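I set out to look through one protein chain and to record what I could read from its structure. The entries below follow the order in which I looked things up.

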Amino acid sequence: MAEPEAAPSGPRPIVPYLKIPADGSPHLEGQKCRHCGAIFLGERTTCSSCGTSDGFDAIRLADRGELYVYSIVHRSFPGIEVPYVSAIVDLEGGGTVKGNLIGIEPDPDAIRMGMPVDVVYEIAPRKDAEGNEYLTYYFKPRA
Ligand SMILES: [Zn+2]
């Protein structure tokens, strides 16, 4: 009989496509279409780019990319500090990811479309009701 897997210790990923390998650094994972190579986040059965169902391979996404578009958020859920910058980033090598842009003034004069950013991983500011910590990711302007 197989040994039961040890309960995971440490933070949990805040989204399923954030992977925390036991013996490596955290990273985002995409699903690459076997037919056309389009990359998506999350599981799917059919490629929305080429329409085939040849299947997908999981690939590690790059930790760097370019700011595609952003929005400065002034109103959010109670308890969420505003303003913050919600961004969509095109990652190097493929994959388009939404997340918050940190380390920059939430000011249109400071933010440039196409600016290079890095993906950084940090413990989320809030725990869940059971006290579990979560690892989340942000985008940061590249130094
Ligand atoms: Zn495809």
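The notes go from the whole chain to single residues.

**Entry 1: the whole chain**

I noted at the outset that the model is predicted. I then looked up the secondary structure and found zero helices and ten strands. Reading along the sequence, I wrote the pattern down as β-β-β-β-β-β-β-β-β-β. For the extent of the chain, I recorded a C-alpha trace that spans about 60 × 40 × 30 Å along its principal axes.

**Entry 2: burial, surface and contacts**

I looked up how much of the chain is buried: 29% of its 143 residues count as such. The chain exposes about 9300 Å², and I noted that carbon and sulfur atoms supply 50% of this area. I also examined the contacts with a separation of 6 or more, and found that residues 24 or more positions apart account for 47% of them.

**Entry 3: a surface patch**

Which residues form a nonpolar patch on the surface? I found Y68, V69 and M113, which together have about 300 Å² of accessible area. I located Y68 in strand β6, which covers residues 64-73. Y68 has a relative accessible area of 53%, so it is exposed, the limit being over 50%.

**Entry 4: the aromatic residues**

I asked how many aromatic pairs the chain holds, and the count came to three. One of them joins Y137 and F139, whose ring centres are 6.0 Å apart with 65° between the planes. Because planes over 60 degrees apart count as edge-to-face, I entered the pair of Y137 and F139 under that heading. I then checked the two residues for exposure: Y137 is buried at 7% relative accessibility, and F139 is buried at 0%. Together with Y17, Y137 and F139 form one aromatic cluster.

I made a separate note on F40, since a charged residue lies over the face of its ring. That residue is R44, at 3.9 Å from the ring centre.

**Entry 5: Q31**

I found Q31 in strand β3, residues 27-33. Is Q31 buried or exposed? Its relative accessible area is 9%, and Q31 is therefore buried, as the limit is under 20%. I next looked up what Q31 touches, leaving out residues up to four places away in sequence. The list comprises A38, I39, F40, G42, E43, F56, D57 and A58. I marked F40 in this list, as it is the residue whose ring face lies under R44.

**Entry 6: E122**

I turned to E122, which is found in strand β9, residues 116-123. Its relative accessibility is 32%, and E122 counts as partly exposed. Leaving aside neighbours within four places in sequence, I recorded contacts of E122 with I102, Y134, L135, T136, Y138 and K140. I also looked up how E122 stands to P11: the two are 111 residues apart in sequence, and their C-alpha atoms are 9.8 Å apart in space.

**Entry 7: a cis peptide bond**

Where is there a cis peptide bond? I found that it joins V82 and P83, with omega at about -5°. I placed P83 in the loop between β6 and β7, the latter being residues 84-91.

Conventions. Residues are numbered from 1 along each chain as its sequence is written. This is a predicted model: local features need pLDDT of at least 70, side-chain atom pairs count only at pLDDT 80 or more; totals for chains, interfaces and linings use all residues. Side-chain values use heavy atoms; hydrogens and water are left out. Patches are made of residues with over 30% relative accessible area and no salt bridge: like charges are joined within 9 Å, nonpolar side chains (Val, Leu, Ile, Met, Phe, Trp, Tyr) within 5 Å. Accessible areas come from the Shrake-Rupley method with a 1.4 Å probe; for residues, only the protein chains shown count as cover. A salt bridge is a side-chain nitrogen of Lys or Arg within 4 Å of a carboxyl oxygen of Asp or Glu. Helices (H or I, at least four residues) and strands (E, at least two) are DSSP runs, numbered from the N terminus. Buried means under 20% relative accessible area, exposed over 50%, partly exposed in between (1.4 Å probe, protein chains only). Contact means heavy atoms within 4.5 Å. Rings of Phe, Tyr and Trp (its six-membered ring) pair if their centres lie within 6.5 Å; planes under 30 degrees apart count as stacked, over 60 as edge-to-face and the rest as tilted. A charge sits over a ring if NZ of Lys or CZ of Arg is within 6 Å of the ring centre and within 35 degrees of the ring normal.
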